[in-house]
Amino acid sequence: MSVALESNAVFIAIEYLAIFCSGLSGGLAATRKHYDIFTILIISWVTALGGGIVRDVLLGSLPPAGITNKGYVLSALLSGIVIAVAHPEIGNLTRSMVVVDAMALGLFAVNGTAKAMAFHTSGMTAVFMGMFTALAGGVIRDALLNEVPSVIRDKHWYAVPSFVGCILTVVVGKFVEAGKINLHGEMILDIAIVALIVAMRLLSVKFNIMLPGALERERAHLNMRSRYLRRPVVHPQMHEVHRDNHEGSAPHNPDDLA
């Protein structure tokens, strides 16, 4: 099974655009931290290609494409150079960056899952590989910059669209392996999955759609305050107090009363 999107020139160009724009977001984050140009280039590279490197290492596809594909590496480094020069203008393109980031999320998720399927992994493994491809670069970037990862910090749908897209890509891959879908049909369905991921991400941002958190409850059904379950508190000062009280309550010597 081949990766359908990688066999189409249009989507190869879009993939390079996704790498470039992911690098821009990473470089912009480093610029806001006032780091030097070398650090900006490194952060741009790891943001754009870090997820693919993690995927390739786990799949055993060594050395990873993130350090062997000259086009990928140059696109990521170029994004760092551009952001170092034009960061004031690019920083103001908030909406455009959200759209491009959503496109990169969709393309990386689908391509990562499809590549894992090409290595004959299980469907569950392919989903994880797709998620790593889409999200790991941003997680590594935020870890290097000492930030809470955006996949956790952003309360809008971010990981959810990629998860849905990865599952759908696995389903399409299974039909391809069964001979029920040809390469042309796979490509059309992959495009539709990417569009779905982008739409879910953008709609969640536009309409402030978030997943619910933990259930709000005021009372627990299990009484965990039983004296048989409580852990005794041992404190040196409390031990001295108990010892003094014990000595003070001891019976007096009869000779002292004489």
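Author: Buried means under 20% relative accessible area. The model discussed here is predicted.

Reader: Is Asp56 buried or exposed, and what is its relative accessible area?

Author: The cut-off for a buried residue is under 20% relative accessible area. Asp56 therefore counts as buried, its relative accessible area being 0%.

Reader: Which residue meets the side chain of Asp56 in a salt bridge?

Author: The N to O distance of this salt bridge is 3.0 Å. The partner is itself buried, with a relative accessible area of 9%. The side chain that meets Asp56 belongs to Arg55.

Reader: Which residues are joined into one network by salt bridges that share partners?

Author: Asp56 and Arg55 form a salt bridge. Through shared partners, the network consists of Arg55, Asp56 and Lys115.

Reader: How far apart are the closest N and O atoms in the salt bridge of Asp142 with Arg141?

Author: Asp142 is buried, because its relative accessibility is 3%. Arg141 is buried as well, at a relative accessible area of 10%. The closest N and O atoms of this salt bridge are separated by 3.0 Å.

Reader: Arg201 forms a salt bridge with Asp154; how many residues apart are they along the chain?

Author: In this salt bridge the closest N and O atoms lie 2.7 Å apart. Arg201 belongs to helix 9, whereas Asp154 is in the loop between helix 7 (150-153) and helix 8, so the pair links distant parts of the chain. Arg201 counts as buried at 6% relative accessibility, while Asp154 counts as partly exposed at 21%. The separation of Arg201 and Asp154 is 47 residues.

Reader: Against which helices do the buried residues of helix 8 pack?

Author: Helix 8 covers residues 159-177 and reaches 27 Å from its first C-alpha to its last, close to the expected 27 Å. Its buried residues include Pro161, Gly165, Val172 and Val176. The buried residues of helix 8 pack against helix 5 (94-118), helix 6 and helix 9 (183-206).

Reader: Which residue takes a positive phi just after helix 8?

Author: Helix 8 has 19 residues. Just after this helix, a positive phi of about 80° is taken by Gly179.

Reader: Which helix supplies the largest share of the nonpolar patch?

Author: Leu58, Met124, Phe128 and Phe132 make a nonpolar surface patch of about 410 Å². Phe132 is partly exposed, because its relative accessible area is 31%, and patch residues must have over 30%. The largest share, three residues, comes from helix 6 (residues 123-144).

Definitions and conventions: Residues are numbered from 1 along each chain as its sequence is written. This is a predicted model: local features need pLDDT of at least 70, side-chain atom pairs count only at pLDDT 80 or more; totals for chains, interfaces and linings use all residues. Side-chain values use heavy atoms; hydrogens and water are left out. Patches are made of residues with over 30% relative accessible area and no salt bridge: like charges are joined within 9 Å, nonpolar side chains (Val, Leu, Ile, Met, Phe, Trp, Tyr) within 5 Å. Accessible areas come from the Shrake-Rupley method with a 1.4 Å probe; for residues, only the protein chains shown count as cover. A salt bridge is a side-chain nitrogen of Lys or Arg within 4 Å of a carboxyl oxygen of Asp or Glu. Helices (H or I, at least four residues) and strands (E, at least two) are DSSP runs, numbered from the N terminus. Buried means under 20% relative accessible area, exposed over 50%, partly exposed in between (1.4 Å probe, protein chains only). The expected span of a helix is 1.5 Å times one less than its number of residues. Contact means heavy atoms within 4.5 Å.
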